[in-house]
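Trainee: Please take a close look at one part of this model for me. Then show me what else is worth seeing in the chain.

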Amino acid sequence: MAETIEIREIEERVILVGVSTREGDDTEASLDELEELADTAGAATLEKIIQNRESVHPGTYLGKGKIEEVRERIEELGATGVICDDELSPAQMRNLEEALETKVMDRTMVILDIFAKHASTKEGKIQVELAQLKYRAARLVGLRSSLSRLGGGIGTRGPGETKLEVDRRRIHDRIGQLKAELEDVKRHRETARQKRSKNHVTVAAIVGYTNAGKSTLLNKLTGTGVLAEDKLFATLDPTTRNLKLPGGQEILLTDTVGFIRKLPHHLIEAFKSTLEEAKYADIILHVVDCSNPQMDMQMYVVYDTLKQLGVENKEIITVFNKIDAAGTDRILKDLSSDYQVKISAKTGQGLEELTDLLETILRSRKVYLEQVYDYKDAGKIQLIRKYGELLSEEYTEEGIAIKAYVPAELFTSVLPS
C-alpha cells in the first residue's frame, strides 16, 4: 500500500511590533487587529511588542534599544519573521531586516497578501495585482537583497508574485496594462449602472468595517450563498443580489469590500471601481458590529473612507449587527445616519424591521397615484406594475381603477391619456 504524503504550507511564526506615539492611542487595539490579519494570512503570532516613542524612527521604524529586544525575542521564540503595524518605507524595511537578520513585513504587505489569496474574479485579480505592483515598484531596490531569503509565505503569493524580479520599466508597463484593463471593467460597470437607472431600480450598497457581518446580512435577506466567514476580508469581490420586499417592491443590494484602519492607499486606488458602487447607490446600509469594543473607531474609519471616495448626500441606514452578542447596557447611536436598526444577521432578529424600513424609504421616493384607466391604456398599468408598486386593481364598467405608488420620474408618462 502506497504511503500518503501530506504536503502542508509552512506556517510562519511572527512577532508583531508597533509604535505608540501618544498616551491613550489605539496602538494596542491596532496590534490585536494585526494579529487577526496575520492569522487570516496564515501566520501564528508569538508575541506583540509596543515601543513608546515621540515618533516612528525614520530610518529603522523602531529605536536601537527596542531593535535589540526584538532580536533577542526572535531567537528565544524561534520566530520566522516580524510584522510592523505601519507601512514601512523601502529604507526602513531594508535597515530593519539587516538589524534583525530576519524577514520583515509591514501591515500593507499582509493586507495585500490576504487580498491576493481571496481574489477570485478576473476583476479582483487585476485590482490586487495592480496594488501589489504599485507597492513593490517603490521597494524594488530594497527588496533585491532580501529576495533570496523570502522562501515563500506572506508577501510572496498572488497574481503579482512573478513580477518581483523584473525591472522597474517592465513593472510600470504592466501597471499601465492593468490600468487599461480596469478602465474596461469600469466601462462595463457604468453601462450596468445606466441600465439599472433606466429600469428605475433602487440600489442599496452594503458598507462596513471588515468582518461586521455584511455578507451574512446579504445571505439572510436574499437567501444567496455568498461566502461568510468569521475572518477579515473573507469576501473580496462585490456581489449584487435582488431583494423582493414583503410589499412587492424590489431593491438591489450590493455587498462591498470591507474597510479597515490604515487601509493601504494603493488598495483604495485599485479598488475604486468596486468601492464606487457606494458612490452611485441610492441608499447606504452601514453595517456595524455593535459587539466590538472598537465600534466607534470602526464607524469613524468607514465614514472617513466613504468621504475619500466622494460618497455624500446619501440616505444612510446604520444597521447595528450582532445585537445578540452585544451587552444590554451598550448605548447604540449614530449621529451621521438618517435611520438606525438593531439586528442580528445570524439569528434573524430585527430583519423584519429593516425590510419594513427599506419599504418605507422606497415608497417615500414614489408618488401616490389613484386613477381609472380606459381598457385601451392597459399597457400603462403594466409599466406601473413593472416599475412601481401596484396597491389595488379593480375592473369596472368605467375602466380599470388602480391605486399605486410610481417613481416620480415616471408619473406623467403613466397618467391616463
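Mentor: The second largest cavity holds about 40 Å³ of space. Keep in mind that the model is a predicted one. In total, the structure has three cavities of 30 Å³ or more.

Which residues line the second largest cavity? Start with F115. Then go to V257, G258 and F259. L263, L267, I268, F271 and L275 complete the lining. Now sort these residues by character. Eight are nonpolar, one is polar, and none is charged.

Next, a single residue. Find I316 in strand β9, which covers residues 315-321. Is I316 buried or exposed? Its relative accessibility is 11%, and buried means under 20%, so I316 counts as buried. Now look at what surrounds I316. Set aside the neighbours within four places in sequence. I316 then touches I284, H286 and Y303. It is also in contact with S336, S337, D338 and Y339. Look at I283 as well. I283 and I316 are 33 residues apart along the chain. Their C-alpha atoms are separated by 6.0 Å.

Contacts between distant positions show up in the chain's totals too. Take the contacts with a separation of 6 or more. Residues 24 or more positions apart account for 69% of them. The chain has 417 residues, and 51% of these count as buried. Its secondary structure comes to 15 helices and 13 strands.

Now move to a sheet. Strands of a sheet pair through backbone hydrogen bonds, either parallel or antiparallel. Here three strands form an open sheet, in the order β11-β13-β12. The pairing is antiparallel. Which strands are at the edges? They are β11, residues 366-373, and β12, residues 389-395. Each of these pairs on one side only. On average, neighbouring strands of this sheet are turned by 15 degrees against each other, direction ignored.

Look closer at β12 and β13. Strand β13 spans residues 400-407. The two strands pair over six bridges, in the antiparallel sense. For one position, find L390. Its bridge partner in β13 is A404.

A helix completes the view of this sheet. Helix α15, residues 378-387, packs on the sheet. The helix touches β11, β12 and β13. The direction of α15 makes about 40 degrees with that of β13.

Key:
Residues numbered from 1 in each chain as written. Predicted model: local features only at pLDDT ≥ 70, side-chain atom pairs only at ≥ 80, totals over all residues. Heavy atoms only, no water. Pairing = 2+ DSSP bridges. Helix = DSSP H or I, 4+ residues; strand = E, 2+ residues; numbered from the N terminus. Axes fitted to C-alpha atoms, helices over the stretch in contact; angles between N-to-C directions. Contact = heavy atoms within 4.5 Å. 1 Å grid on protein atoms, 1.4 Å probe; cavity = no way out; pocket = protein on both sides within 12 Å on 5 of 7 lines; lining within 4 Å. Points joined across faces, edges and corners; volume = space filled by probe spheres on them. Nonpolar A, V, L, I, M, F, W, Y, C, P; charged D, E, K, R; others polar. Buried < 20%, exposed > 50% of the residue type's maximum accessible area, 1.4 Å probe, protein only.
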